[in-house]
Amino acid sequence: MGRSLRSGRQIKSLSPPKRGARKAGAADTPKSTKPAPKKVAGKASQRKKVSKEVEEEKDSTASESGSDNESGSDSEDSSSDEVEKIAPIPLKKSKIAAKESSDDDDDDDDDDDDDSDSEEESSGDDDDDDDDDDDQGFTDENAKWLKPKQSKMKLLDSDAEDEDEDEDEDEFGSASEEGSDDEMLEVERQSRIIDEEMKLEQEEAESELRRTIAQQTSIYHLPTVEELEEDENRVVPPSELRERIDDILEVLADFKTRREPGRSRSEYIERLGQDMAELFGYLQELVDYFLSMFGPNECLEFLEASDKTRPLVVRVNTLKARRKDLAAALMKRGVRLDPLASWSKVGLKIYESTVPIGATPEYLAGHYMLQSAASMCPVMALAPQPGDRVMDMSAAPGGKTSYISQLMRNKGVVIANDLKPERQKATVANLHRLGVRNVATCCYDGRKIGAQMRNSFDRILLDAPCSGLGVISRDPSVKVQRTIPDVKRCAHLQKELLVAAIDALNHKSKKGGGYMVYSTCSVAVAENEEVVNYLLSKRDVKLVDTGLDFGNQCDLILCCCYDTSILLRTGKPGFTRFEHKRFHPSLALTRRFYPHVHNMDGFYVAKIQKLSDKRPGDAEKKEEAVDEVVAETSQAETKTSSDDKKASEKKSKKGKKHWKEVSGADETEVVRKKSKMSVPNVQVQKPRKKTNAKVSKPRRIKITGM
């Protein structure tokens, strides 16, 4: 390498010959006369030759520098002569070198100069030795033991080829990909993007699968009593409570494999209830009651949904306006709304409003009423008809009462009753604003209406006062103010009101009446199923379908083929069993609405039909009374017969004594005495004579002439 660099410097310092002349010289030399590379005897001979050539090059460079200083700038002919004197004689090239030099001459002049220099270095000094060694090539004394085996050579050659191919792919692959991206169609480019996304999704799915497997197979450590005592002294953050709740729910989902040894399921449920009560701000007894009603996961969903606000809903008053016109008027005022649902023709759901909904001119004119979607369901189940005699036992503030009049088209009679006169003021105001004309308000105790107005109404609606466990989103104070004893007190009042309402219902109504609807805004079983089950045992009634399936059965089946969630929107059936209690199977006809399922307030609706005025216990009581009377009469008869026998025996004894004393008396007197002590007299009624004359009016006496 050092020699080639020096020779390159020497050539660059001089003016190179013309391109045409060099090509001509190269063409004159025949290819067959090109010498082969020189044979080197050993390393020592090579070092000597290299040192001699270095000294010659130094002398030549010194003479060239002196001649350049002396002459200065000469003509082109003199410079070319000097080059011919100093430069070594061109040597013969091998066939491969000739081909390489011809290719390089066509490409660039500098490459030709470098190739010629390398060929001069590889060639030897003696021409005779080169001619002898043309066929043998390069040899060395150590060639035998330096040459690798043929098998190893093949492996080396294959590795070299693979590396060359990889380098070529690396060098030209990116360019080809860029070119292919430009040449690809839009469909191909999108398909490549989709393939990349699918690869990423597969990687994410695999990582998630590993994570879930690790979580599901791990055993959750339930906090001990000592650890919980330590937590009492500090405020546990909500994030930690939420994480603990999620962990317990995961353990309960696969309790057999995830539970901690020595811990029962009740301990996990107890810990879950305490964490839920602390996280959502409920009383512990209420959360325990919800856990007994729902499963752990559904209970969590119910508590979360109860903290969320329900959408604002208004009911259009069809006595004064149409839904289409009212929606257009409200949209002009900046209200964003939608129809409530397919099952309601008068409901509007409001998402956003720039004006207060309860103070618009349309509201003041009585075109609509603020009413929740759940509170419309009891009136729809009652289905009042024009001309009916209907009673609303708990009417204030008048939302359901006005809806009843709306469905009756202001025909018939509606009695709006409420216990407190102060609440009836709002009822009267709303009825006047909405244009209702067939309602009369009163303030009676609902527990006494059954005795005061027996069999007086065709249909009755009882929206009973309750604990409000279904409307926690509107009244969060229920979380800490309601207890289980409060729920039981409400249930007792509801039973009294329900029995009184059945007594006031007329089952012989010619207008197809005899129906009543019982509803509450609570989800507690004690206020719903237990109350209705009590009524079934006290009165001759039965439960019927509420009609809240929101459509025909055929339409419902067709819709369920495409969307199974429609079944959840129709309301869940009532409980037929709860804990250790068992209810009548017909309670499955009642309907329940939940915040986490239907996005509505928690509500319960039951429709009841009165069959007769009979009471299930009355016949038994009558039979018992008859049995008692028969028993008493039989006892009295036995007593009288025994007394008569005793008296007759005493008299017979006395008669015998008297017979001995007055043996000489007349037989007639003795017989008379015996007759006095004999069987009591029995009065026999004589049959009346049959007459064909009418005895309803006295006969007139004919007055004859005087």
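## Strand β8

Strand β8 covers residues 459–463 in this predicted model. The strand is mostly covered. Five of its five residues are buried.

The side chains of β8 split between two directions. Arg459, Leu461 and Asp463 point one way. Ile460 and Leu462 point the other way. Both groups are buried, charged names and all: Arg459 and Asp463 count as buried, and so do Leu461, Ile460 and Leu462.

## Neighbours of β8

Strand β8 pairs with strand β5, which spans residues 389–392. Three bridges join β5 to β8, and the two run parallel. Within this pairing, Val390 stands opposite Arg459 of β8. Arg459 belongs to the group that points the same way as Leu461 and Asp463.

Strand β9, residues 515–520, is also joined to β8. Here there are five bridges, and the strands again run parallel. Leu462 of β8 stands opposite Tyr518 of β9. Leu462 shares its direction with Ile460.

## The whole chain

The chain has 706 residues, and 34% of them count as buried. It holds 30 helices and 15 strands.

Many contacts link distant parts of the sequence. Take the contacts between residues at least 6 apart in sequence: 71% of these join residues at least 24 apart.

The chain exposes about 46300 Å². Carbon and sulfur atoms supply 52% of that area.

Notes:
Residues are numbered from 1 along each chain as its sequence is written. This is a predicted model: local features need pLDDT of at least 70, side-chain atom pairs count only at pLDDT 80 or more; totals for chains, interfaces and linings use all residues. Side-chain values use heavy atoms; hydrogens and water are left out. Buried means under 20% relative accessible area, exposed over 50%, partly exposed in between (1.4 Å probe, protein chains only). Helices (H or I, at least four residues) and strands (E, at least two) are DSSP runs, numbered from the N terminus. Two strands pair if DSSP finds at least two bridges between them. Contact means heavy atoms within 4.5 Å. Accessible areas come from the Shrake-Rupley method with a 1.4 Å probe; for residues, only the protein chains shown count as cover.
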